[in-house]
Amino acid sequence: MTQLFDKTWINSIELGNRAIRSATWTGSCDAQGFVTDVTIDFYNRLAQGGMGLIITGYQYILPNSIQLPYMLGNYDDSQIQGLKKLADIVHTAGTKIVGQIVHTGLRANPKLFTQEGAIWAPSEVSDPTVKHQVKVVAKSEILDLVQAYANAARRLKEAGFDGVQLHGAHGYGINQFLSPYWNKRGDNYGGSLANRYRFLAETLEAVREATGTDMAVMIKLNSCDFVENGLDLDETLQIATRLADDGIDAIEISGGSASSGKNKGPVRTKILEEQDEAYFSDMAAQFKEKVKVPIIAVGGFRSLKKIDEVLDGNKADYIAMSRPFIREPSLIKRWLDEDLSKATCISCNGCFETGLKGLGISCKMDREEKGDNGSN
Ligand SMILES: Cc1cc2nc3c(=O)[nH]c(=O)nc-3n(C[C@H](O)[C@H](O)[C@H](O)COP(=O)(O)O)c2cc1C
Ligand code: SF4
């Protein structure tokens, strides 16, 4: 337990330790994406738990980018007030907060659209997980998209957030432009890696202009798409190197998407033994070795032993967790209090159930222990 409790900096954010809450949709906002009291309570509990940084659940930056119900919205200035409440509650607890922003592209869910809109995609592709007709984005719409990312970043700045994380992983918009699996464009946004990177480069530049130099601008990236003809480690390392050159402040390494094979996505189940833990950490180690910005490893961290192995082994600078903090928001405090047993989360993914009903995500194991079926 040596490095986990070090104080460090990412750009101008001082982090009390190297434990990060990875972005986690909470299923607690209203149908237009506005923050509710349930959302505030959720983040308040989390922020008391001792992690160095909280990355919010993915925030949709245009109305045609909503994917899961009761997702957090960041597409209109009227949402700044709720975002500010989130930032304030987290800061009051002495923790830092970064907002994850996303356009979900071809993964948007039109049934949840609250206004007319098409599903935007870099290209038409035969992906069995895509059930709706998509609209291939024209150049003018790409410029609108870039501007939407910049506007969302500007709202986070106005709301007092410490940073922004671009969601560049899990088969969403940025990942769709980067990956030859989803990007079949014949113009200068498709084809070569330099062309597929162009959308992200333009987005990063616009976001940095909106945030200024002091706010941290981070990205979550796939190490590998785990689909045929998708991004592999060789290409994602090249992308990360370009991002470092272009001024990114930290890169979180994840992998896969809904299109990857069974249990090859980012939120894997059956992490019961030590050898199942930290399933992207060997990939993260490659980034740590070759890319000169802080690297955050995510995916299946459950025990301090594994966390120490990754940090002490120089495989990553930070570790991020999602599900362990749903079951135990105070896990880091517990470890600091010398109760060093591993996280009690069993990685069953039952936490989505109550979020899909708009009640906010909650641990299924806890609900079962309390005899609560999550239906109220
Ligand atoms: C309920 C839930 C919601 C999630 N929402 C997001 C999200 O909004 N953005 C994101 O990048 N990843 C999201 N993830 C993935 C996590 O950030 C993380 O990458 C993944 O769960 C693996 O980490 P873990 O084993 O610590 O849970 C979500 C995961 C869960 C379980
Ligand atoms: S329901 Fe509970 S135990 Fe299952 S993955 Fe979610 S937090 Fe972990």
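User: Which helices each supply at least two residues of the lining of the second largest pocket?
Analyst: α1 (37–47), α9 and α12 do. This is a predicted model, by the way.

User: Which element gives the largest share there?
Analyst: α1 does, with five residues.

User: How much space is in that second largest pocket?
Analyst: About 470 Å³. Its lining has 21 residues. Closest to the centre are R45, G360, I361, S362 and C363.

User: How does the lining of the second largest pocket divide by class?
Analyst: Nine residues are nonpolar, five are polar and seven are charged.

User: You named C363. Buried or exposed?
Analyst: C363 is buried, because its relative accessible area is 10% and buried means under 20%.

User: OK, on to the largest pocket. What is its volume?
Analyst: The largest pocket has about 1,000 Å³. Its lining counts 48 residues. Nearest the centre of this pocket are L68, Y172, P266, V267 and F352.

User: Which elements give two or more residues to that lining?
Analyst: β14 (318–321), α9 and α11 (352–356). The largest share is from α9, with three residues.

User: And the classes in the lining of the largest pocket?
Analyst: It has 23 nonpolar residues, 18 polar ones and seven charged ones.

User: Switching to closed spaces. How many cavities of 30 Å³ or more are there?
Analyst: Three. The largest cavity holds about 90 Å³ of space. Its lining has 13 residues, and C345, S347, C348, C351 and C363 are the closest to its centre. C363 also came up in the second largest pocket, among the residues closest to that pocket's centre.

User: What takes up the space of the largest cavity?
Analyst: Ligand 2 does. Around ligand 2 there are 13 residues. C345, C348, C351, C363 and K364 come nearest to ligand 2.

User: Which helices build the shell around ligand 2?
Analyst: α9 (323–327) and α12 (364–369) each give at least two residues to that shell. α9 has the largest share, three residues. For the lining of the largest cavity, α9 and α12 again supply at least two residues each. There too α9 gives the most, with three.

User: What classes are in the shell around ligand 2?
Analyst: Seven nonpolar residues, three polar and three charged. The lining of the largest cavity has seven nonpolar, three polar and three charged residues as well.

User: S347 was in that cavity lining. Where in the fold is S347 found?
Analyst: S347 sits in the loop between α10 (331–336) and α11. Its phi is near 60 degrees, a positive value in a residue other than glycine.

User: Is S347 buried or exposed?
Analyst: Buried, because the relative accessible area of S347 is 1% and the cut-off for buried is under 20%.

User: Which other residue has a positive phi?
Analyst: H170 is one, with phi near 55 degrees. H170 is not a glycine either. Its place is in the loop between β10 (163–168) and α4.

User: Why does H170 count as buried?
Analyst: Because its relative accessibility is 12%, and buried means under 20%.

User: α4 again. What about the second largest cavity, what is its volume?
Analyst: About 60 Å³. Residues lining the second largest cavity include H103, W120, P122, Y149, F177 and F199. G105, G173 and Q176 are also among them.

User: Which elements each supply at least two residues of that lining?
Analyst: β8 (120–121), α3 (139–158) and α4 (173–178). α4 gives the most, three residues.

User: How do the classes divide in the lining of the second largest cavity?
Analyst: Eight are nonpolar, four are polar and no residue is charged.

User: Back to cysteines. How many disulfides does the count come to?
Analyst: Zero disulfides. Take C29, which is in no disulfide. The nearest cysteine sulfur to that of C29 belongs to C351, and it is 17 Å away. A pair of cysteine sulfur atoms has to be within 2.5 Å to count.

User: C29, buried or exposed?
Analyst: C29 is buried, because its relative accessibility is 4% and buried means under 20%.

Key
Residues are numbered from 1 along each chain as its sequence is written. Chains are lettered from A and ligands numbered from 1 in the order in which they are written. This is a predicted model: local features need pLDDT of at least 70, side-chain atom pairs count only at pLDDT 80 or more; totals for chains, interfaces and linings use all residues. Side-chain values use heavy atoms; hydrogens and water are left out. A residue is near a molecule or strand if one of its heavy atoms lies within 4 Å of it. On a 1 Å grid over the protein atoms alone, a cavity is a set of points where a 1.4 Å probe fits but cannot get out, and a pocket is an open set with protein on both sides within 12 Å along at least five of seven lines; lining residues have an atom within 4 Å of a point. A molecule sits in a cavity or pocket if more than half of its atoms lie within 2 Å of its grid points. Helices (H or I, at least four residues) and strands (E, at least two) are DSSP runs, numbered from the N terminus. Ala, Val, Leu, Ile, Met, Phe, Trp, Tyr, Cys and Pro count as nonpolar, Asp, Glu, Lys and Arg as charged, and the others, Gly among them, as polar. Buried means under 20% relative accessible area, exposed over 50%, partly exposed in between (1.4 Å probe, protein chains only). Grid points are joined across faces, edges and corners, and a volume is the space filled by probe spheres set on the points.
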